[in-house]
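Subject: Structure for you to look at

Dear colleague,

I am passing on the structure we spoke about, and below it you will find my notes on what came out of the analysis. Please read them with the structure open beside you.

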Amino acid sequence: MMAGLKNLRGDVEFIGVGGPLMQAEGLASLFPMQELSVMGLAEVLPKYRALLRRKNEMIEAVLAARPDVLLTIDSPDFCKRVAKGVKARSDVRTVHYVAPSVWAWRPKRAVKMAAYIDKVLTLLPFEPSLMRAAGMQADFVGHPVVAEPKASAADIAQFRRDHSLGARPVLLLLPGSRMGEVSRLSERFGQAAKAVLRAKPDMVPLVVMGDGVQSYFADTKELWPEGTVFLAPKDVTEKRAAFAAAEVALAASGTVSLELAAARTPMVIGYDMAWLSRIIMPRLMLIDTVTLVNLVSETRVVPEFIGKECQAGPMAEALLKVMGKPAEQLDAMELTMQRLGQGGEDPGLRAAKALLD
């Protein structure tokens, strides 16, 4: 979106908070974005005071800058509080990028948002009507995953050579990027992988490690099958090659399901929350699946094991079944990518145009 804005308006100036890619586009981040990377009640509560302080700092920074528009990006529990505080004390126009999942839980959030958000940019095609019904402008701008480059055959072949995989099939294991979810899921994902290897002993288990959690894997290698390859991707090209090289993946719930769909890698989803979230969240959910491929394609072809259902045995059985009959998932992935904007205008440029509008 920032690159798109620079193409459309060369005089644009960015002030705010963001990570390395946003900083590369010209943003001087007011504080490290990682401070906001917390999820779930159990993880947020210990950091509540620090988050509250950062929220107040952001509100004052926006009011001092008097920008033409305030764009809040995802992180709803933080960003919407900032937007609300700014709107209460100014007439700064406000746009929120990534609609809240009101179709999944807490539908009244959209109505409350309308008091302080003027426009919503959505990633999913069925969201604008929900936002407009609540009283906001809304545009579907496409999901960024459809604009990302795909791993080439040469990329995949080089990846296999680099990690001595030969022609062996790869079982991709993605237990998450946050320490909390990685520590909750690793043992169960590792046991599921061991069960799959008993049926498919020629497979190579490959764990992709997120930033900041490599030390955990170094200390817990016994949780995983012997011979597991642990990968900390050196760049996005290597990560895409790893995804594309895999025959099947066992992944934590989240946007990673769309990355796998873009790579046309069949998958099984597993996830568990901290105990308090596990008790509360199921009572709030309005949908019967949390996997975006299932939602966007209007199918239920991606097996998922959430909360107490996240157990090694059933996940291993599902992985073996998916490997045997992947066609249904591959069709749903193709439909998902089409509905998310593949083949159309770049989502970043669409978002920039919506913002200027």
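R264 is partly exposed, because its relative accessible area of 27% falls between the cut-offs of 20% for buried and 50% for exposed. Please keep in mind here that the model is a predicted one. R264 is found in the loop between α12 and β11, and its phi is near 60°, a positive value in a residue other than glycine. Most residues other than glycine have a negative phi. D74 is a further case, with a positive phi of about 55° although it is not a glycine; D74 sits in the loop between β3 (69-73) and α5 and is partly exposed, with a relative accessible area of 39%.

D74 also turns up in the surroundings of C79. Leaving aside residues up to four places away in sequence, C79 touches T72, I73, D74 and H96. C79 itself lies in helix α5 (residues 76-89) and, at 10% relative accessibility, counts as buried. Should you want a distance to orient yourself, C79 and A167 are 88 residues apart in sequence and 46 Å apart in space, taken from C-alpha to C-alpha.

The loop that holds R264 leads into β11, which brings me to the sheet. Six strands, in the order β9-β8-β7-β10-β11-β12, form an open sheet with parallel pairing. At its edges stand β9 (229-231) and β12 (304-306), and each has a single partner strand, so one side of each is left without a neighbour in the sheet. From one strand to the next, the twist averages 15°.

Going through the pairings, strand β7 (residues 170-174) is joined to strand β8 (residues 204-208) by four bridges, the two running parallel, and L173 stands opposite V207 in β8. Helix α9 (residues 179-199) packs on the sheet, where it touches β7, β8, β10 (248-252) and β11 (267-271), and the direction of α9 makes about 165° with that of β7. Four bridges also join β7 to β10, again in parallel, with A249 in β10 as the bridge partner of L172. Between β10 and β11 there are four bridges in the parallel sense, and here L250 has V268 in β11 as its bridge partner. To get from β10 to β11 the chain passes through helix α12 (residues 256-263), and this β-α-β crossover is right-handed.

Is β10 enclosed or open to the outside? Five of the five residues of β10 are buried, so this strand is largely enclosed by the rest of the structure. V248, L250 and A252 point one way from β10, whereas A249 and A251 point the other way, and all are buried.

Finally, some values for the protein as a whole, which has 17 helices and twelve strands. Its radius of gyration is 21 Å, close to the 21 Å that the globule rule gives for 357 residues, so the protein is as compact as a globular protein of that length. Taken along the principal axes, the C-alpha atoms fill a box of roughly 65 × 45 × 35 Å. Buried residues make up 46% of the 357 residues, and the accessible surface comes to about 17,600 Å², of which 54% belongs to carbon and sulfur atoms. Among contacts between residues at least 6 apart in sequence, 64% join residues at least 24 apart.

With best wishes

Key. Residues numbered from 1 in each chain as written. Predicted model: local features only at pLDDT ≥ 70, side-chain atom pairs only at ≥ 80, totals over all residues. Heavy atoms only, no water. Pairing = 2+ DSSP bridges. Axes fitted to C-alpha atoms, helices over the stretch in contact; angles between N-to-C directions. Contact = heavy atoms within 4.5 Å. Buried < 20%, exposed > 50% of the residue type's maximum accessible area, 1.4 Å probe, protein only. Right-handed = clockwise from strand over helix to strand, strands pointing away. Rg over C-alpha atoms; globule rule 2.2 N^0.38 Å. Areas by Shrake-Rupley, 256 points an atom, 1.4 Å probe, with all protein chains shown as cover.
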